[in-house]
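Hi,

Here is the structure I promised to send over. Have a look at it first, and then read on for my notes.

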Amino acid sequence: MTKNAKNLTSKRNYIYDELVIVENNLFDSQMYAEVIRQYDEVSDLINLDSNIRERLKLPQRSLVVTFPFRRDDYDEVETVMGYRVQHVLSMGPTKGGIRYAPDVNLGEVTALAILMSWKSAIVGLPYGGAKGGVAIDPTPLSRSEKQRVTRRYTAELLPIIGVDKDIPAPDLGTDEQTMAWIMDTYSNFVGSPQPGIVTGKPASLGGSITRRESTGRGAVAIGVAAMDKLNLKYSESTIAIQGFGNVGMYAALDSYERGAKVIAVSDIGGAIYNPNGINIPELFKHMAKNVSVNNFDGAEPYSESILEINCDVLIPAAVGGVITSSNANNIKAKVIIEGANSPTTLNADKILNDGDILLVPDILANAGGITASYFEWVQNTQNYLWKESELHEKLMDVLITAFEEVWKISEKQNCDLRTAALIKGIKRVAAAKLTRGLFP
Ligand code: NAD
């Protein structure tokens with residue numbers, strides 16, 4: 001018996017933050033429409049070649065799979081949907097995370113793959129963008145259930161992934177263990193160990209020692225650099241962080257180590273608050289034994305919206321579309337560092353820009369993850385090992401160089417950092433496509 005299969009061809013209209021989306025191609029979704037609108041605005045600004053402009057709106061390759069999945073405690077078999085989208089194959093292999101979430105769909109994965117293309121180009125990596133996902137809630141899954149989903153999904157992706165074709169990494173709802181299962185499944189099919197097939201895997205399998213921390217720490221480093229430009233001191237700031245997973249935890253730890261006061265953090269289970277600053281190493285110990293930040297001894301529960309809390313720096317590090325035109329006006333932070341992908345809708349972006357808020361955009365702020373992934377992949381493919389200090393130095397060098405270039409563009413064009421970052425990313429991808437020419 002099968003259940004939960006979703007209708008691939010369903011057509012719906014829905015309203016998303018005042019933007020009406022009519023599904024008119026396979027890839028449309030709330031996030032896809034936002035990413036394309038953003039892209040169109042920047043394409044106008046830079047007078048992008050019209051042929052390239054249309055080409056880059058659609059991904060080069062998309063795989064939709066359905067596969068059977070049996071839970072531990074009953075015999076019914078569900079049909080689960082999975083996706084892998086590769087946006088541009090012109091600059092090298094494609095690269096991007098895999099997310100497990102109940103609302104994952106082709107349009108969202110496509111939008112995220114497009115953002116990965118810009119992100120790689122902004123930090124100068126030899127990749128096109130990709131993204132993958134399985135439409136399943138990972139929270140209630142047992143270890144063996146998660147393993148079964150992962151191994152079967154990997155088997156379905158075999159025709160299009162490869163060390164020099166497409167390299168997955170962790171994202172929302174997936175982690176180092178997920179990557180280890182992907183690597184094992186893929187290696188079994190290929191017949192030899194293939195550590196370079198994924199990044200963000202455990203160190204024992206050739207994973208980089210710095211990958212886990214790189215997105216959160218990278219976001220803070222870029223935030224510090226941006227604040228320096230305005231003579232604002234991160235280390236003297238109060239910080240609020242939405243999401244306490246991979247990105248949020250290390251953004252919090254880095255902030256704490258710099259002397260900043262992390263006054264509030266939240267996860268899907270709730271939020272906590274301490275006006276004197278939360279002891280983040282102690283909160284890490286709490287998280288080792290609990291599934292949520294809730295009930296942490298060193299802070300009180302917080303029931304209001306963490307996004308609207310009184311603080312200097314806000315770091316959304318959970319899911320997309322959380323800062324909208326409904327709450328943007330209530331944000332009190334002076335600086336927003338986007339740890340998550342697409343946390344701010346376009347309409348909210350415009351409201352924040354009109355206010356006096358410095359917004360460090362996702363495609364720049366969270367590029368530490370893909371950069372550290374690149375180092376891991378290079379080490380795997382060359383059987384070479386860098387020391388932790390070297391990796392950290394290389395990571396900061398790439399991120400801060402990219403930030404400085406984006407800052408210069410924003411000054412020259414008199415535009416916000418998101419527009420400046422997109423100008424850099426889109427121009428580079430377009431140049432690569434134009435230089436390669438058309439086949440046939
Ligand atoms: P994760 O699964 O490790 O953590 C997600 C966190 O967000 C968890 O604490 C979860 O409880 C919380 N959360 C989920 N829904 C929430 C909600 N509605 N309200 C409040 N909290 C909620 O995921 P992650 O790897 O930390 O990724 C977080 C975001 O950062 C995602 O948008 C992801 O695409 C982006 N990102 C991650 C990486 C990476 O290296 N992991 C790199 C770039 C971007």
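Let me begin at the ligand: one of its oxygen atoms has a polar side-chain atom of asparagine 341 at a distance of 2.8 Å. The protein covers much of the molecule, burying 82% of the 830 Å² that the ligand exposes when taken alone. Please keep in mind as you browse that this is a predicted model.

Aspartate 171 makes a similar approach, with an N or O atom of its side chain 2.8 Å from a ligand oxygen. With glycine 339 the partner is in the backbone: a polar atom there is 3.5 Å from an oxygen of the ligand.

Stepping back to the whole shell, 21 residues surround the ligand, and those that come nearest are Asp171, Thr215, Asn246, Val247 and Asn341. By type, the shell holds nine polar residues, eight nonpolar and four charged. Two helices to look for are α6 (211–229) and α7 (246–257), each of which supplies at least two residues of that shell.

I also took a look at serine 303. You will find serine 303 in the loop that runs between β11 (300–302) and β12 (313–316). Is this residue buried or exposed? Serine 303 has a relative accessible area of 73%, so it counts as exposed, the cut-off for that being over 50%. If you would like a distance for orientation, the C-alpha atom of serine 303 is 27 Å from that of valine 360, which is 57 residues away along the chain.

Happy browsing, and best wishes!

Definitions and conventions. Residues are numbered from 1 along each chain as its sequence is written. This is a predicted model: local features need pLDDT of at least 70, side-chain atom pairs count only at pLDDT 80 or more; totals for chains, interfaces and linings use all residues. Side-chain values use heavy atoms; hydrogens and water are left out. Helices (H or I, at least four residues) and strands (E, at least two) are DSSP runs, numbered from the N terminus. Buried means under 20% relative accessible area, exposed over 50%, partly exposed in between (1.4 Å probe, protein chains only). A residue is near a molecule or strand if one of its heavy atoms lies within 4 Å of it. A polar contact is a pair of N or O atoms within 3.5 Å; within protein, one must be able to donate a hydrogen and the other to accept it, and residues adjacent in sequence count only if both atoms are side-chain atoms. Accessible areas come from the Shrake-Rupley method with a 1.4 Å probe; for residues, only the protein chains shown count as cover. Ala, Val, Leu, Ile, Met, Phe, Trp, Tyr, Cys and Pro count as nonpolar, Asp, Glu, Lys and Arg as charged, and the others, Gly among them, as polar.
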